[in-house]
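I opened this notebook to keep a record of what I looked up, one entry per topic. The entries follow the order in which I went through the coordinates.

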Amino acid sequence: MKTLLLFLLYWNLSEALSPRTVAVIGPTGRLGRQIVQELSTQGISTRCLLRHEIPASTSIKSLEEAQSSAEIAAYLQSLPNVTFVKGDLSDVSSLRRLLEGCDACAWNYEGEQLLRSSGMDYIIIRPGVMKDSVEENTRYGLRDNGEDMKVTSVSYHQIAALAIQSLEYSNCRRATLTAMNDADGGETSYAPLLARVQPDRRVFPVSLLEEHRKAARVGGLTIVTVLVWMAQATVKVVLHLVGSF
Ligand SMILES: NC(=O)c1ccc[n+]([C@@H]2O[C@H](COP(=O)([O-])OP(=O)(O)OC[C@H]3O[C@@H](n4cnc5c(N)ncnc54)[C@H](OP(=O)(O)O)[C@@H]3O)[C@@H](O)[C@H]2O)c1
């Protein structure tokens, strides 16, 4: 498996293993909302980056009923210990404001390499295909050192729980974890798997993001080529029709 879609989770563990305040980027996303909700339940404060205002007219619905990003944000804001910071991931100043006074940060961003080279402590989680439904009798699988696993689906709830639980394990500092379900060799909980985790021991390819960007550019070029080809074909048909009158 070549992981090009990355979920990045960063916990600044320099202060303490049990954080008091966690910054969450992407709180309204399907994974982010579960992390915020669970942290709130555990009495841990979150500071969430939100790129839009919550209109005053937004009604507070349950998470199941909330449809729009604003409705989800309004719900999260109603939870204890949840605050929002307005800003965009691409705006460094809003990130600085977000991270002020935070001990940990859950970050949805393709920035593994930036994080590794920053010298800060981190836990990176590469999940399988995430879905809402939770399967019974799940066998949890986890590999460290960014090792590949057979891609399977995992629930958002499961990955949110792993993100929070991994905080309690000092051996997970500077670790890149692959989290899939493993029907054959898996465990019934994350605890024994987390206990065996070791920090990253290999050099990760620097060119991965560049390869991704190249692939995206080639993909974009292909789409543009197809569009140009379709436009040319349409013009030919129209000219043919005009000529036949
Ligand atoms: N879903 C999967 O199967 C899967 C598998 C592997 C990895 N991943 C990665 O895991 C992460 C979480 O997945 P998900 O399914 O929860 O994603 P999602 O539902 O699409 O949520 C994305 C979140 O990021 C926010 N966001 C997007 N661009 C932003 C920006 N420029 N500035 C600030 N916030 C921004 C969105 O805010 P708005 O509400 O404003 O849109 C939303 O809260 C993603 O990075 C994804 O690529 C997902």
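What follows are my entries on the chain, the ligand, one helix, two loop residues and the cysteines.

**Entry on the whole chain.** I noted before anything else that this is a predicted model. I looked up the secondary structure of the protein chain and found seven helices and ten strands. The chain has 245 residues, of which 41% are buried. For the contacts between residues at least 6 apart in sequence, I read that 77% join residues at least 24 apart. The exposed surface of the protein chain comes to about 13,500 Å², and carbon and sulfur atoms supply 56% of that area.

**Entry on the ligand.** Which residues are closest to the ligand? I found 21 residues around the ligand, with Thr28, Leu31, Arg51, Ser69 and Met130 as the closest. By class, the residues of this shell divide into eleven nonpolar, seven polar and three charged. I then went through the polar contacts made by side chains, and I list three distances, each between an oxygen atom of the ligand and a side-chain N or O atom:

- For Ser69 the distance is 2.4 Å.
- For Arg51 the distance is 2.8 Å.
- For Tyr156 the distance is 2.9 Å.

On its own the ligand has 910 Å² of accessible area, and the protein covers 73% of this.

**Entry on α2.** Helix α2 spans residues 69-77, and Ser69, whose side chain has an N or O atom 2.4 Å from a ligand oxygen, falls within that range. Why do I describe α2 as largely enclosed by the rest of the structure? Seven of its nine residues are buried, and therefore the description holds. The buried residues are Ala70, Glu71, Ile72, Ala73, Ala74, Tyr75 and Leu76. When I asked what covers them, I found that the cover includes α1 (32-41), β3 and β4 (82-86).

**Entry on Thr58.** I looked next at Thr58, which lies in the loop between β3 (45-50) and α2. Is Thr58 buried or exposed? Its relative accessibility is 18%, and because the cut-off for buried is under 20%, Thr58 counts as buried. Leaving aside neighbours within four places in sequence, I found Thr58 in contact with Ala70, Glu71 and Ala74, residues that are themselves among the buried ones of α2. The C-alpha atoms of Thr58 and Ala70 are 7.1 Å apart, although twelve residues separate the two along the chain. Within its own loop region, the side chain of Thr58 reaches the backbone oxygen of Pro55 at 2.6 Å.

**Entry on Asn145.** The second loop residue I examined, Asn145, sits between β8 (140-143) and β9 (153-155). Asn145 is buried, with a relative accessible area of 10%. Not counting residues up to four places away in sequence, Asn145 touches Thr176, Asp200, Arg201, Arg202 and Phe204. With one of these I also recorded a polar contact, in which the side chain of Asn145 reaches the backbone nitrogen of Arg201 at 2.7 Å.

**Entry on the cysteines.** How many disulfides does the model contain? With a cut-off of 2.5 Å between cysteine sulfur atoms, I counted zero. I also checked burial for two cysteines: Cys48 is buried at 0% relative accessibility, and Cys172 is likewise buried, with a relative accessible area of 0%.

Terms used:
Residues are numbered from 1 along each chain as its sequence is written. This is a predicted model: local features need pLDDT of at least 70, side-chain atom pairs count only at pLDDT 80 or more; totals for chains, interfaces and linings use all residues. Side-chain values use heavy atoms; hydrogens and water are left out. Buried means under 20% relative accessible area, exposed over 50%, partly exposed in between (1.4 Å probe, protein chains only). A residue is near a molecule or strand if one of its heavy atoms lies within 4 Å of it. A polar contact is a pair of N or O atoms within 3.5 Å; within protein, one must be able to donate a hydrogen and the other to accept it, and residues adjacent in sequence count only if both atoms are side-chain atoms. Accessible areas come from the Shrake-Rupley method with a 1.4 Å probe; for residues, only the protein chains shown count as cover. Ala, Val, Leu, Ile, Met, Phe, Trp, Tyr, Cys and Pro count as nonpolar, Asp, Glu, Lys and Arg as charged, and the others, Gly among them, as polar. Helices (H or I, at least four residues) and strands (E, at least two) are DSSP runs, numbered from the N terminus. Contact means heavy atoms within 4.5 Å.
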